[in-house]
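I opened the model in the viewer and kept short notes. Each entry records what I looked up.

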Amino acid sequence: MEIKIGVQNIGREIVLESAQDADTVAKVVEDAITNGSELRLKDDKGRVIIVPGNALGYVEIGAEEARRVGFGQF
């Protein structure tokens with residue numbers, strides 16, 4: 001699923017693909033905002049993204065969908 005993270009006072013957003021489910025990501029984001037701790041997410045390539053919880057502007061969690069295979073348009 002695609003996750004977009006907006007950071008305060010930064011013009012660009014952080015975009016990553018993650019294998020984590022939406023509920024898990026929402027819980028991690030909620031904990032980071034509530035406690036002021038860092039937001040740690042792992043993308044589908046194994047990289048870890050760390051953002052300070054007090055610097056978060058917004059987090060957009062995309063819907064989970066199966067990957068499409070092929071060249072046809074549906």
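Which residues are buried in H1? I looked them up and found Val25, Val29 and Ala32. Looking down the axis of H1, I saw that its buried residues fall within an arc of 60°, so they line one face of the helix. I noted the general rule that an α-helix has 3.6 residues a turn, so residues three or four places apart point the same way. On the other side of H1, I found Asp23, Thr34 and Asn35 exposed.

Next I checked what covers the buried residues of H1; the cover includes strands S1 (2–7), S3 (38–42) and S5 (56–61). I then took the span of H1: its 14 residues reach 20 Å from first C-alpha to last, close to the 20 Å expected at 1.5 Å a residue. Just after H1, I noted a positive phi of about 70° at Gly36.

I stepped back to the whole protein, which is a predicted model. I listed one helix and five strands, in the order β-β-α-β-β-β from the N terminus. I noted that 24% of the 74 residues count as buried.

Last, I looked at Ser18, in the loop between strand S2 (14–17) and helix H1 (22–35). Is Ser18 buried or exposed? Ser18 has a relative accessible area of 6%, and because buried means under 20%, I entered Ser18 as buried. I found that its side chain reaches the backbone nitrogen of Gln20 at 3.1 Å. Leaving aside neighbours within four places in sequence, I listed Met1, Ile3, Lys42, Asp43 and Asp44 as contacts of Ser18.

How values were computed:
Residues are numbered from 1 along each chain as its sequence is written. This is a predicted model: local features need pLDDT of at least 70, side-chain atom pairs count only at pLDDT 80 or more; totals for chains, interfaces and linings use all residues. Side-chain values use heavy atoms; hydrogens and water are left out. Helices (H or I, at least four residues) and strands (E, at least two) are DSSP runs, numbered from the N terminus. Buried means under 20% relative accessible area, exposed over 50%, partly exposed in between (1.4 Å probe, protein chains only). A polar contact is a pair of N or O atoms within 3.5 Å; within protein, one must be able to donate a hydrogen and the other to accept it, and residues adjacent in sequence count only if both atoms are side-chain atoms. Contact means heavy atoms within 4.5 Å. The expected span of a helix is 1.5 Å times one less than its number of residues. The arc is that of the directions from the helix axis to the C-beta atoms.
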